[in-house]
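Please walk through the structure below from one local site outward to the chain as a whole.

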Amino acid sequence: MRNLLQRQPMLWAALEASQDCVKLIGLDGRINYVNAGGCRLMELESPNDIVGEVWAEMWPEPSRAQVRAAVANGAAQRSDRFCAPCDTARGQRKHWDVVVTPLVDERGELEVLLVTSRDVSDLQSARAEAEEKRAALTKTTAALRAVGRVAKIGGWEISLESQLVDWSQEIWDILGGTPRPIQLDEALGIYPEAEQPRVRDLLAHAAATGERITFTSEVTKFDGVRAWVRVFGEPVFVDGVCTAIRGAAQDITEAHEARRDLARAERRLRMAVEMTEILVYEVDFQERSVLSDGPETTFFERGLTYEQMWRDPFSSVDPRDRDRATQTWADAQHTGVPYRAEYRVARADGKDVWAFSTCRLERDESERPLRLVGALQNITERKLAEQEMLRARTLADAANTAKSAFLANVSHEIRTPLNGILGMTQVMGRDELSPENRAHLEIIRRSGETLMATLNDVLDFSKIEAGKMILEEVEFDLREAVEAACKPFELLAVQKNLEFRLFFDPAAEGVWQGDALRLRQVMGNLVSNAVKFTERGGVVVQVARVADGVAISVTDSGIGIPTEQQAELFTKFSQADASVTRRFGGTGLGLAISRDLLDLMGGDLSLESEPGRGTSVSLRLPLTLVGAPAFSATVLAEQPQELEAAVRILAAEDNPTNRLVLQALLEPLGAELIQVASGEEAVAACEGDSFDVVLMDIQMPGIGGVEAVRQIRRRERETGCARIPIVALTANVMTHQVADYRAAGMDDYVAKPINFERLYAALMQALAPASEPAAETCEPAQPGAAPS
């Protein structure tokens with residue numbers, strides 16, 4: 001190597017004069033020489049710092065393969081060039097442009113590799129910076145295009161010289177077209193014909209004055225759909241001459257339609273506010289102002305002021321309602337529920353103006369009030385209507401009360417003679433009568449029972465209509481209830497030569513909870529109709545248990561009902577055919593009351609019928625099964641026996657006819673019957689005499705039966721006398737009424753009209769020996785004597 005430089009001094013001088021880093025690499029890949037420029041660029045203290053080192057080992061690991069490949073190419077007498085980073089002796093990273101050139105001697109044999117390395121770090125940095133800027137520009141352009149697509153904004157430019165219009169892709173997308181060269185006249189065609197001259201004038205004015213243009217217009221897209229655009233533009237000047245106009249356009253169709261819809265909604269809202277007399281207000285505590293919209297004079301004689309609202313927000317509330325409105329506000333603030341209140345507005349003229357008020361208080365982060373937003377609606381007419389309705393309801397309730405009292409009195413007055421009729425038919429039935437007279441007596445009995453059933457239907461109808469029907473929840477044996485409802489009509493079926501059958505599902509056996517009395521009433525109505533309207537064939541009653549309770553059907557082979565007349569059956573005082581009333585009788589209340597009763601009990605009633613083939617009426621009732629079948633402990637004596645001669649019975653009954661009926665019914669029993677006509681007389685009789693049992697009427701003038709019993713029981717407790725069995729005689733035998741009788745001290749009851757068998761059973765129960773020793777029997781009180 002040294003021989004080479006000595007032989008060619010001109011080469012050495014050239015290498016030393018070079019500003020690049022020049023090295024001579026031996027065939028073994030080691031550095032044999034580095035010039036002064038190389039020492040400077042590589043920050044070497046001396047050429048000896050690297051002479052003898054393997055050149056490839058000086059490069060970073062990622063570049064070493066590339067360096068070794070260049071050395072190999074040089075050894076094969078091929079030049080090579082590469083660019084790679086390498087650190088200087090002081091650790092500075094530089095980028096080098098390296099050229100490897102093989103040098104041969106006079107014989108053409110390879111002697112050494114000439115390596116020239118140029119520092120291109122600045123160039124590399126510039127390239128990297130340019131690449132970064134290009135990438136950033138690409139990214140920004142993409143972002144702007146994305147924003148343009150989202151915001152539906154595109155750019156445009158008009159060349160005034162060529163009259164060509166350049167639309168960006170976004171504008172083509174807005175208009176729904178394919179990009180192509182387009183002339184100004186065609187471009188203006190998207191505007192309405194009447195609008196095109198205005199757009200031309202705006203462009204010409206901008207070119208002449210340099211002013212920007214802004215306008216909004218409707219356009220027609222290429223598919224014929226109309227849209228709205230907002231256009232911006234400014235002229236471009238070159239050497240003082242306007243050469244083009246460029247700008248942007250935005251599709252504002254959605255915003256335009258939203259503004260249009262909002263304007264329409266505001267018009268509708270304003271109309272609604274005016275029609276419904278709503279005042280909307282806002283109190284701004286920052287601006288210290290009150291804004292309102294609506295018929296303010298409808299509520300206030302003078303408008304609301306900020307000072308008034310700040311000083312006392314409830315100053316506009318009438319003093320009669322202020323405490324309630326204030327408490328409602330406090331509750332709303334405490335619970336977070338919206339504030340809603342109804343009150344009268346405070347007015348100096350004393351006029352009652354009612355307002356429905358709602359509002360919301362907005363606060364800042366420090367809980368300081370910012371604004372109060374609310375509304376008032378004039379509800380004066382509604383309040384007047386409510387007051388009128390309340391007065392009408394009061395009058396209606398009074399009328400219903402009067403009607404109920406009237407019906408109760410009528411019921412009492414009708415039942416009293418009925419008690420005489422039915423009681424005396426029972427008495428006369430004991431006598432020896434001719435067949436003709438017994439038939440006459442039977443007609444009287446049936447007529448009385450029919451009248452009683454009609455009276456009960458009318459009273460039930462009145463109770464249901466007045467909403468005063470009270471249902472009972474008692475435990476009862478379902479089979480006993482059904483059989484009791486059917487039994488009165490079995491004899492009638494036999495007399496009409498009809499077959500009467502009852503099928504009872506074993507799964508339905510047992511004690512159920514519900515209103516047994518009303519179930520028997522519904523069943524009685526259904527079975528009565530079936531037997532009444534059937535002349536041939538029979539009646540079948542089926543009872544089954546279902547998932548939610550009990551299902552009962554009553555099927556007959558009677559006259560049937562046409563489809564068009566079936567709906568009328570459930571209308572009160574209505575029958576399918578007026579001739580039916582004349583032929584079979586009835587008021588037309590039975591089915592209507594049955595359906596109402598089932599509705600009250602949560603059940604339903606349905607009917608299927610075919611003229612000439614019969615009718616099937618089905619009911620479903622949600623009852624609850626509570627136990628096994630029950631067995632009745634009360635057995636009515638078929639042949640009443642005479643009572644002991646010493647038995648003394650006191651009967652309190654104000655009606656002379658009922659007293660005669662009682663006397664006639666009890667006469668065969670052989671007991672001593674003492675009768676009084678009032679509650680006062682009954683109390684006095686118990687104080688002055690002793691009795692084995694008392695029969696007590698409930699409705700009597702003066703002291704009624706309930707109060708008389710209370711006085712008798714009080715005297716017994718005070719004197720320690722034996723407790724006298726007392727049996728109520730009454731037409732009012734609802735469960736709650738019977739409970740009142742027992743609470744007063746009565747032991748049993750017998751319903752009017754009186755059934756002799758039931759009366760006899762009650763007497764036997766009252767006269768049965770007590771399970772515990774009775775208290776000492778009291779002697780009659782002597783006049784003027786005080787209790788001991």
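Apart from its neighbours within four places in sequence, threonine 253 is in contact with Ala227 and Trp228. The model is a predicted one. Threonine 253 belongs to helix H9, which covers residues 253-276. A polar contact of 2.6 Å links the side chain of threonine 253 to that of aspartate 251. Is threonine 253 buried or exposed? Its relative accessibility is 13%, and buried means under 20%, so threonine 253 counts as buried.

Further along the chain there is an open sheet of five strands, in the order S18-S20-S21-S23-S22 and with mixed pairing. Strand S18 (499-504) and strand S22 (604-610) are the edge strands, and each of them pairs on one side only. From one strand to the next, the twist averages 10°.

At the S22 edge, S22 pairs with strand S23 (residues 614-621) in the antiparallel sense, over seven bridges. Within this part of the sheet, leucine 605 has leucine 619 in S23 as its bridge partner.

Which helices accompany these strands? Helix H15 (residues 478-495) lies across S18, strand S20 (538-546) and strand S21 (549-556), and runs at about 170° to S18. Helix H16 (residues 516-532) also packs on the sheet, where it touches S18, S20, S21, S22 and S23. The direction of helix H16 makes about 20° with that of S21.

Helix H22 (residues 705-719) allows a check of helix length. The expected span is 1.5 Å times one less than the number of residues. For the 15 residues of H22 this gives 21 Å, and the end C-alpha atoms are 21 Å apart, so the two values agree. The buried residues in H22 are Gly705, Val706, Ala708, Val709, Ile712, Arg713, Arg715 and Glu716; the list includes the charged residues Arg713, Arg715 and Glu716. Just after H22, glycine 720 takes a positive phi of about 75°.

The remaining values describe the chain as a whole. The protein chain contains 24 helices and 29 strands. It has 788 residues, of which 38% count as buried. Among contacts with a separation of 6 or more, 56% are between residues 24 or more positions apart. The exposed area of the protein chain is about 44400 Å², and carbon and sulfur atoms supply 53% of that area.

Notes
Residues are numbered from 1 along each chain as its sequence is written. This is a predicted model: local features need pLDDT of at least 70, side-chain atom pairs count only at pLDDT 80 or more; totals for chains, interfaces and linings use all residues. Side-chain values use heavy atoms; hydrogens and water are left out. Two strands pair if DSSP finds at least two bridges between them. Helices (H or I, at least four residues) and strands (E, at least two) are DSSP runs, numbered from the N terminus. Axes are lines fitted to C-alpha atoms, for helices over the stretch in contact, and angles run from 0 to 180 degrees between N-to-C directions. Contact means heavy atoms within 4.5 Å. Buried means under 20% relative accessible area, exposed over 50%, partly exposed in between (1.4 Å probe, protein chains only). Accessible areas come from the Shrake-Rupley method with a 1.4 Å probe; for residues, only the protein chains shown count as cover. A polar contact is a pair of N or O atoms within 3.5 Å; within protein, one must be able to donate a hydrogen and the other to accept it, and residues adjacent in sequence count only if both atoms are side-chain atoms.
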